[in-house]
Amino acid sequence: MADAPQIPNEAEVRARWGGFQWTPENAAQTQKVIARYPEGRQASAVMALLDLAQRQVGEETRTQGWLPVPVMEAIADQLEMPYMRVYEVATFYTMYNLAPVGRYHVQVCGTTPCMLRGSDDVFAACKNKGLVKGHTTPDGLFTLTEVECLGACTNAPMVQINDDNFEDLTYDSMSAILDDLAAGRQPKIGPQIERQTSCPEGGPTSLKEMVSENHDYRGEWA
Ligand code: FES
């Protein structure tokens, strides 16, 4: 399971983020999101606003972003929610970072299907590149977190890095992805082997005639 995030010193965080303001674009976006819900139900927008705030903090810090407490409080004020209700949401979902992360947040799934398919090799590749679980590399580039199932077990083992999934990983392919990111190159997103999304490796294994045309199988099934 993931290590607990290292929550930063509150006084410093308040000094840096106490006057949080949305950018004009994000302020307009918050109004759009809030307008999706009936009058008096604006609290329903909390997840979207937390995500938007994390992205804005990410832009301002050139990282994947995180949620300083004063930023969560600003959202609570905007949505007229008790602060605690917002903390409850932010601490429940691992998609919200409660402490600063690097430019790339490498979230390695270590749950059973990924573990059986080689997540230890993925962790070994990370370790070999200097990534340590629960920490950010000294150059500020990578934060490594172990997470529970990210819902891509068919393509195990996998990692999520910022908004992208990288799947069907091996020690070598994970190493290459980290090398690409460190060098400013965009690695291939999705499966790292010859398969389309979660389709069978090597191409279709059934209903093969449907690949090139709308083949009618009904005669064969009668
Ligand atoms: S177990 Fe890793 S994605 Fe589900």
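**Sheet, helices and cores in a two-domain chain**

Helix α7 lies across β1, β2 and β3, and its direction makes an angle of about 150° with β1. That is a handy way into this predicted model, whose chain carries nine helices and five strands. Going along the sequence, the elements come in the pattern α-α-α-α-α-β-α-α-β-β-β-α-β-α.

On the overall layout, the chain splits into domain 1, spanning 10–92, and domain 2, spanning 104–191. Taken over C-alpha atoms, the centres of domain 1 and domain 2 sit 28 Å apart. The C-alpha atoms of the chain fill a box of roughly 65 × 50 × 30 Å along the principal axes. Of the 222 residues, 27% count as buried. As for contacts between residues at least 6 apart in sequence, 63% of them join residues at least 24 apart.

Now for the sheet. The five strands make an open sheet with mixed pairing, and the order across it is β2-β1-β3-β4-β5. β2 and β5 are the edge strands, each of them pairing on one side only. Moving inward, β1 and β3 are antiparallel and share three bridges, with Val 108 having Val 159 in β3 as its bridge partner. Strand β3 (residues 159–161) also pairs with β4 (residues 164–167), again in the antiparallel sense and over three bridges. Here Val 159 turns up once more, standing opposite Phe 166 in β4. The hairpin of β3 and β4 has two residues between the strands, and Asn 162 in this hairpin takes a positive phi near 50°.

On the far side of β4, the pairing switches sense: β4 and strand β5 (residues 190–191) run parallel and are joined by two bridges. Glu 167 has Pro 191 in β5 as its bridge partner. To get from β4 to β5 the chain passes through α8, and this β-α-β crossover is left-handed.

What about the packing? The largest nonpolar core contains 21 residues, and those with the most contacts inside it are Val 106, Val 108, Val 122, Cys 126, Met 158, Val 159 and Met 174. Two or more residues of this core come from each of β1 (104–109), α7 (119–128), β2 (142–147) and α8 (171–182). Cys 126 gives a closer look: leaving aside its neighbours within four places in sequence, Cys 126 is in contact with Val 106, Val 108, Leu 131, Leu 144 and Met 174. Another core lies apart from the largest one; this second core has 17 residues, including Leu 49, Trp 66, Met 72 and Val 101.

One last residue is worth a look, Met 47, which is found in helix α3 (residues 46–61). Is Met 47 buried or exposed? Neither label fits: Met 47 counts as partly exposed because 15 other C-beta atoms lie within 10 Å, whereas a buried residue needs 20 or more and an exposed one has 12 or fewer. The C-alpha atoms of Met 47 and Tyr 96 are separated by 9.4 Å, although the two residues are 49 apart along the chain.

Key
Residues numbered from 1 in each chain as written. Predicted model: local features only at pLDDT ≥ 70, side-chain atom pairs only at ≥ 80, totals over all residues. Domains from an automatic or database assignment. Core = buried A, V, L, I, M, F, W, Y, C linked by C-beta atoms within 7 Å. Helix = DSSP H or I, 4+ residues; strand = E, 2+ residues; numbered from the N terminus. Contact = placed C-beta atoms within 7 Å. Pairing = 2+ DSSP bridges. Right-handed = clockwise from strand over helix to strand, strands pointing away. Axes fitted to C-alpha atoms, helices over the stretch in contact; angles between N-to-C directions.
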